[in-house]
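Student: I would like to learn how to read a protein model, one feature at a time. Could you walk me through this one?

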Amino acid sequence: MKRTEAIELPAEEIAHQRALMREFAALESRPHTYCVVTYGCQMNARDSETLEGMLSEMGMTPAASREEADFVIFNTCCVRDNAQRRALGNVVWLKELKKTRPELMVAVCGCMMQQPGMGEQILRQYPFVDVAFGTHNLYRFAQLMLQAVRTRRRVVEVLGDDEGSIPEELPVRRSSPTHAYITIMYGCNNFCSYCIVPYVRGRERSRASARILEEARQLKDEGIKEIMLLGQNVNSYGLDVEGELSFAQLLAALDGVGIERIRFMTSHPKDLSDELIEVMATGKHICHALHLPVQHGSDRILASMNRRYTRERYMERVRALRERVPDVSLTTDLIVGYPGETEEDFEQTCDLVRQVGYDSAFTFIYSPRVGTRAADMPGQIDEATSSRRIQKLIAVQKEITRERFAGYIGQVHSVLVDEVSKRDETQVAGKNEYNITVNFPGSRELIGQIVRVKITSAGESTLRGELAQQ
Ligand code: SAH
Ligand code: SF4
Ligand code: F3S
């Protein structure tokens, strides 16, 4: 059933939390410097910017290094086992640090915490963690910290899925003066058989379009050149709220705000509408780059994954898109070693990759996640087979990238300059409209500007060029 309006947290609750942030700032014995360690996707990166905003309001400043911080918080990911292991490994590393600096405070939050039993596990196995919370109560961070400092006891709070809401008006400390993330929706309803995200992020909740547009206008005034709209499946934006704009309509409205570049991710192929393709084709500021995760090339596996499209349907969408946006740059996510994947299935993934011609692809070995359907499926693939397959797939994509990048040589791209090259001070680097890094001779003054660059050669994952006539 559709809601009649976005489920924002009451303004009084946010005001209350902000009062608690100031209360924390006034505490005599509290940490003064912080370090936020972020794992996982852009959604988590955006959440960390909110954490930093709250930390500033709580009177804390960024520490010069992780070792020197009075407070370290890990914003975790659990989408694959290695993501989770990396996060936990680093948390344990702090245990040693805490022996020499007992006043050090440690917190863990994010997706990993939302898994069943994780709260208890933290209490039992990680006694040096002071505060732990999940994705649904991020906005209560100051309250939990206040409680921990005042009572000198450990605080663990994880809310259930049904408590997912939308926190508006929380402070934010953005990490870049030129790029900004805008979360347009939270959660996921798709329940792809392998994926834990719907379990740890809750159901789809779209922010009100009026809020999103207001945020975009403000960012434009602040000088932001590029926004990235975030959601696990942005194409279903608005569908949960009666009378809300569709994603294509939202995008068209955002295009009118006049920010120079608009990107978005992630698009689920099943809802890639003609309307959206049209907006991409006619928009002035929408980058011709689309991350369109296909996951697999075999219909049998796609059905088992519950992706709700066939290979043919995916290819039809790609054709429709390329027809209207011929220069579109496509990227994707691919999984190898999904339960029951035969050599033939795997070859179909390789074949699809060649057929589509992605500019680049993220390739993953399937990682069973407790509680998901695929974890209990027969035919789990051994590690040796999966690693052989991923190596082959990476090699196939590398060749395609080489061909695609060769096609860019001689073209003039617009590049938003990010930084002076770490290796060579006479070079600068930035992203072109296709989100590919371009290196070219230039100086610091160009940072933050969008310039025209003629592409002269291609590396494995980056392009090289020289400033063109502006
Ligand atoms: N919402 C996005 C992606 C979220 S997770 C989408 O639907 O495309 C990012 C990527 O991680 C997925 O696209 C998938 O390729 C990969 N992934 C998710 N669960 C995984 C698992 N259990 N094992 C391996 N890769 C996984
Ligand atoms: Fe996971 Fe599928 Fe949702 Fe993406 S769409 S977050 S892969 S369940
Ligand atoms: Fe990881 Fe959570 Fe993102 S599980 S991929 S950080 S939504």
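Student: Let me begin with a single residue: in which helix is Asp345 found?

Tutor: Asp345 is found in helix α12. Keep in mind as we go that this is a predicted model.

Student: Is Asp345 buried or exposed?

Tutor: The general idea is to look at relative accessible area and call a residue buried when it is under 20%. Asp345 has a relative accessibility of 5%, so it counts as buried.

Student: What does Asp345 touch?

Tutor: Here we set aside neighbours within four places in sequence. Asp345 is then in contact with His296, Ser298, Arg300, Ile301 and Gly340. The side chain of Asp345 also has a polar atom 2.9 Å from the backbone nitrogen of Thr342.

Student: Let us step back to the whole helix. How many residues does α12 have, and how far does α12 reach?

Tutor: Helix α12 covers residues 343-356, which is 14 residues. From first C-alpha to last, α12 reaches 20 Å, close to the 20 Å expected at 1.5 Å a residue.

Student: Which residues of α12 are buried, and where do they sit around the axis?

Tutor: Start with the general idea. An α-helix has 3.6 residues a turn, so residues three or four places apart point the same way. In α12 the buried residues are Asp345, Phe346, Thr349, Cys350, Leu352, Val353 and Val356. Seen down the axis of α12, these fall within an arc of 160°, so they line one face of the helix.

Student: What do the buried residues of α12 pack against?

Tutor: They pack against α10 (299-304), α11 (311-324), β13 (329-336) and α13 (383-408). As for what comes after α12, Gly357 follows it, with a positive phi near 75°.

Student: Which residues of α8 are buried, so that I can try the same reading there?

Tutor: Helix α8 spans residues 247-255, and its buried residues are Phe247, Ala248, Leu250, Leu251, Leu254 and Asp255. These cover an arc of only 160° around the axis, which puts them on the same side of α8. Among the elements that cover them are α7 (209-221), β10 (226-230), β11 (261-265) and α9 (274-282).

Student: α13 came up as a partner of α12. How many residues does α13 have?

Tutor: α13 has 26 residues and reaches 37 Å from its first C-alpha to its last, close to the 38 Å expected at 1.5 Å a residue. At its start, a side-chain oxygen of Asp382 comes to within 3.2 Å of the backbone nitrogen of Ala384. Just after α13, Gly410 has a positive phi of about 95°.

Student: What covers the buried residues of α13?

Tutor: The buried residues of α13 include Arg389, Leu393, Ile400 and Phe405. Their cover includes β13, α12, β14 (360-365), β15 (412-420), β18 (450-458) and β19 (462-467).

Student: How far apart are Phe405 and Ser461, in sequence and in space?

Tutor: Sequence distance and spatial distance are two separate readings. Phe405 and Ser461 are 56 residues apart in sequence and 8.6 Å apart in space, C-alpha to C-alpha. Phe405 is buried, at 2% relative accessibility. Leaving out residues up to four places away in sequence, Phe405 touches Asp359, Ile436, Ala458, Gly459, Glu460, Ser461, Thr462 and Leu463.

Student: Where is Ser165 found?

Tutor: Ser165 is in the loop between β6 (155-157) and β7 (179-183). Its relative accessible area is 15%, so Ser165 is buried. Beyond residues up to four places away in sequence, Ser165 touches Ile7, Leu9 and Arg205.

Student: Now the ligands. How many residues surround ligand 1?

Tutor: A good habit is to list the surroundings, then look for polar pairs. Ligand 1 is surrounded by 15 residues, and the closest are Arg80, Gln232, Gln295, Asp333 and Ser367. An oxygen atom of ligand 1 lies 2.9 Å from a side-chain N or O atom of Arg80. Gln232 has a polar side-chain atom 2.8 Å from a nitrogen atom of ligand 1, and Gln295 has one 2.6 Å from an oxygen atom of the ligand.

Student: How do the shells around ligand 2 and ligand 3 divide by class?

Tutor: The shell around ligand 2 has seven nonpolar, three polar and one charged residues; among them are Cys188, Phe191, Gln232 and Arg307. Around ligand 3 there are five nonpolar, three polar and one charged residues, including Cys41, Asn44, Arg201 and Gln232.

Notes:
Residues are numbered from 1 along each chain as its sequence is written. Chains are lettered from A and ligands numbered from 1 in the order in which they are written. This is a predicted model: local features need pLDDT of at least 70, side-chain atom pairs count only at pLDDT 80 or more; totals for chains, interfaces and linings use all residues. Side-chain values use heavy atoms; hydrogens and water are left out. A residue is near a molecule or strand if one of its heavy atoms lies within 4 Å of it. Ala, Val, Leu, Ile, Met, Phe, Trp, Tyr, Cys and Pro count as nonpolar, Asp, Glu, Lys and Arg as charged, and the others, Gly among them, as polar. Helices (H or I, at least four residues) and strands (E, at least two) are DSSP runs, numbered from the N terminus. The expected span of a helix is 1.5 Å times one less than its number of residues. Buried means under 20% relative accessible area, exposed over 50%, partly exposed in between (1.4 Å probe, protein chains only). The arc is that of the directions from the helix axis to the C-beta atoms. Contact means heavy atoms within 4.5 Å. A polar contact is a pair of N or O atoms within 3.5 Å; within protein, one must be able to donate a hydrogen and the other to accept it, and residues adjacent in sequence count only if both atoms are side-chain atoms.
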